[in-house]
Amino acid sequence: MWYSSILAYGQSKLANVLHANELSRRLKEDGAEITANSLHPGPVTTNLFRHHSFVEGLVSKLGSYVLKNVQQGAATTCYVALHPQVKGITGEYFADSNLAKASKRGTDVNLAKKLWDFSMNLVK
């Protein structure tokens, strides 16, 4: 088996979406007035590809034309956390400060439950 940092990154983002969905479902089930959502900040100029010299070179040359700066990348996070229009919304996925559709795997209820159970067994 081989390791790919890019595939691992994608899996970690999927896990974040699934966790937020399952947390939201459980909080609703318990009657808690706490929201849990997930989001995609969009493509942001960061040093994420610092260990991939070719990609890092492309990002540094073309990034300012096609990628968001850090402030723009943080906008959706701030919107979901603070905007009054999002109050009470839970179990949703946001992109560019709007409701969006998560991937098919990101909305898989059974996969979310399976990940939750697996995680709980790890921390016992």
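1. Let's begin with how two helices meet. In this predicted model, helix α1 (residues 5–29) and helix α4 (residues 109–122) pack at an angle of about 90°, and they are therefore roughly perpendicular to each other. Their axes are 9 Å apart. On the α1 side, the contact is made by Ala15, Leu18, His19, Glu22, Leu23, Arg25 and Arg26. Helix α4 brings Leu111, Ala112, Lys113, Leu115, Trp116 and Asp117 to it. Sorted by class, the contact holds 7 nonpolar, 1 polar and 5 charged residues.

2. It may help to stay with α1 for a moment. At 1.5 Å a residue, its 25 residues should span 36 Å, and the C-alpha atoms at its two ends are 36 Å apart, so the expected and modelled values agree. Which residues of α1 are buried? They are Leu14, Val17, Leu18, Ala20, Asn21, Glu22, Ser24 and Leu27. These buried residues pack against strand β1, strand β2 (93–95) and helix α4. Two of the names, Leu18 and Glu22, will be familiar from the contact with α4. Just after the helix comes glycine 31, with a positive phi of about 75°.

3. Now for the overall plan, which is handy to keep beside the viewer. The chain has 4 helices and 3 strands, and from start to end they follow the pattern α-β-α-α-β-β-α. Of its 124 residues, 23% count as buried. The accessible surface comes to about 9300 Å², and carbon and sulfur atoms make up 59% of that area. Among contacts in the chain with a separation of 6 or more, 64% join residues 24 or more positions apart.

4. Serine 38 is a good residue to click on next. It sits in strand β1 (residues 38–40). Is serine 38 buried or exposed? Its relative accessible area is 7%, and because the cut-off for buried is under 20%, serine 38 counts as buried. Setting aside residues up to four places away in sequence, serine 38 touches Val17, Ala20, Glu92, Tyr93 and Phe94. Val17 and Ala20 are among the buried residues of α1, while Tyr93 and Phe94 fall within β2 (93–95).

5. The loop between β2 and β3 (98–100) deserves a look at its backbone. Aspartate 96 is placed in this loop, and so is serine 97. Phi of aspartate 96 is near 50°, a positive value in a residue other than glycine. Serine 97 also has a positive phi, near 60°. For context, most residues other than glycine have a negative phi. As for accessibility, serine 97 counts as partly exposed because its value is 22%, and the partly exposed range runs between the 20% and 50% cut-offs.

6. Finally, follow the chain on to alanine 100, which lies in strand β3. With a relative accessible area of 30%, alanine 100 is partly exposed. Which residues does alanine 100 contact, leaving aside its neighbours within four places in sequence? They are Tyr93, Phe94 and Ala95. Tyr93 and Phe94 are also touched by serine 38. One more distance is worth checking in the viewer: the C-alpha atoms of alanine 100 and leucine 39 are separated by 8.5 Å, although the two residues are 61 residues apart along the chain.

Note on methods
Residues are numbered from 1 along each chain as its sequence is written. This is a predicted model: local features need pLDDT of at least 70, side-chain atom pairs count only at pLDDT 80 or more; totals for chains, interfaces and linings use all residues. Side-chain values use heavy atoms; hydrogens and water are left out. Axes are lines fitted to C-alpha atoms, for helices over the stretch in contact, and angles run from 0 to 180 degrees between N-to-C directions. Angles under 35 degrees count as roughly parallel, over 145 as roughly antiparallel, 65 to 115 as roughly perpendicular and the rest as oblique. Contact means heavy atoms within 4.5 Å. Ala, Val, Leu, Ile, Met, Phe, Trp, Tyr, Cys and Pro count as nonpolar, Asp, Glu, Lys and Arg as charged, and the others, Gly among them, as polar. Buried means under 20% relative accessible area, exposed over 50%, partly exposed in between (1.4 Å probe, protein chains only). Accessible areas come from the Shrake-Rupley method with a 1.4 Å probe; for residues, only the protein chains shown count as cover. The expected span of a helix is 1.5 Å times one less than its number of residues.
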